[in-house]
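This report goes through strand pairing, backbone angles and side-chain contacts. The sequence and the coordinates come before the text.

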Amino acid sequence: MKSLKDYTIVIRPDDNDTFVAYIPAISGCHAWGQTLDEARAELVNVFEIIQEEYAEEGRFLPKDVELVIANAS
């Protein structure tokens, strides 16, 4: 069974001095928090819920994706 360590996690600042955390490889796996740590902790909860849903449906979590970070020129 895959764990959160198997995925790339993106955490970025959002509006209103909050943070958004998400796993690009898993649709719907996103969370937010007042701090970076809160966003990450909430993402752990969301990941566990999604992992349970996949298991109940007999599905496997997708593979991680490679992110490319680039500045517009």
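The paragraphs below treat the strands, then the loop between two of them, then the charged and nonpolar side chains.

The model is predicted, so local features need pLDDT of at least 70 and side-chain atom pairs count only at pLDDT 80 or more, while totals for chains, interfaces and linings use all residues. Residues are numbered from 1 along each chain as its sequence is written, and side-chain values use heavy atoms, with hydrogens and water left out.

**Strands**

Helices (H or I, at least four residues) and strands (E, at least two) are DSSP runs, numbered from the N terminus. Two strands pair if DSSP finds at least two bridges between them. Strands β1 and β2 run antiparallel and are joined by five bridges. Within this pairing, threonine 18 in β2 is the bridge partner of aspartate 14. Strand β2 (residues 18-22) is also antiparallel to β3, with four bridges between them. Opposite phenylalanine 19 stands glycine 33 of β3, and opposite alanine 21 stands alanine 31 of β3. These two β3 residues, Ala31 and Gly33, make up the covered face of the strand (residues 30-33), whereas His30 and Trp32 form the uncovered one.

**The loop between β1 and β2**

Most residues other than glycine have a negative phi. Asparagine 16 is found in the loop between β1 (10-14) and β2, and its phi is positive, near 60 degrees. The hairpin of β1 and β2 that contains this residue has three residues between the strands. Aspartate 17 lies in the loop between β1 and β2 as well, and has a positive phi of about 55 degrees although it is not a glycine. Relative accessible area sorts residues into buried (under 20%), exposed (over 50%) and partly exposed (in between), with a 1.4 Å probe and protein chains only. Asparagine 16 counts as exposed because its relative accessibility is 71%. Aspartate 17 is exposed, with a relative accessible area of 71%.

**Charged side chains**

A salt bridge is a side-chain nitrogen of Lys or Arg within 4 Å of a carboxyl oxygen of Asp or Glu. The structure holds two salt bridges, tabulated here with their N to O distances.

| Basic residue | Acidic residue | N to O distance |
|---|---|---|
| Arginine 12 | Aspartate 14 | 3.5 Å |
| Arginine 59 | Glutamate 57 | 3.1 Å |

Arginine 12 is partly exposed, at 37% relative accessible area, and aspartate 14 is partly exposed at 33%. In the other bridge, arginine 59 has a relative accessible area of 44% and is therefore partly exposed, while glutamate 57 counts as exposed at 51% relative accessibility.

What does arginine 59 lie over? Arginine 59 lies over the face of tyrosine 54, at 4.0 Å from the ring centre. For such a contact, NZ of Lys or CZ of Arg must be within 6 Å of the ring centre and within 35 degrees of the ring normal.

**Nonpolar surface**

Val65, Leu67 and Ile69 make a nonpolar surface patch of about 290 Å². Patches consist of residues with over 30% relative accessible area and no salt bridge; like charges are joined within 9 Å, and nonpolar side chains (Val, Leu, Ile, Met, Phe, Trp, Tyr) within 5 Å. Accessible areas come from the Shrake-Rupley method with a 1.4 Å probe, and for residues only the protein chains shown count as cover. Valine 65 is found in the segment after α1 (36-56) and is partly exposed, with a relative accessible area of 35%.
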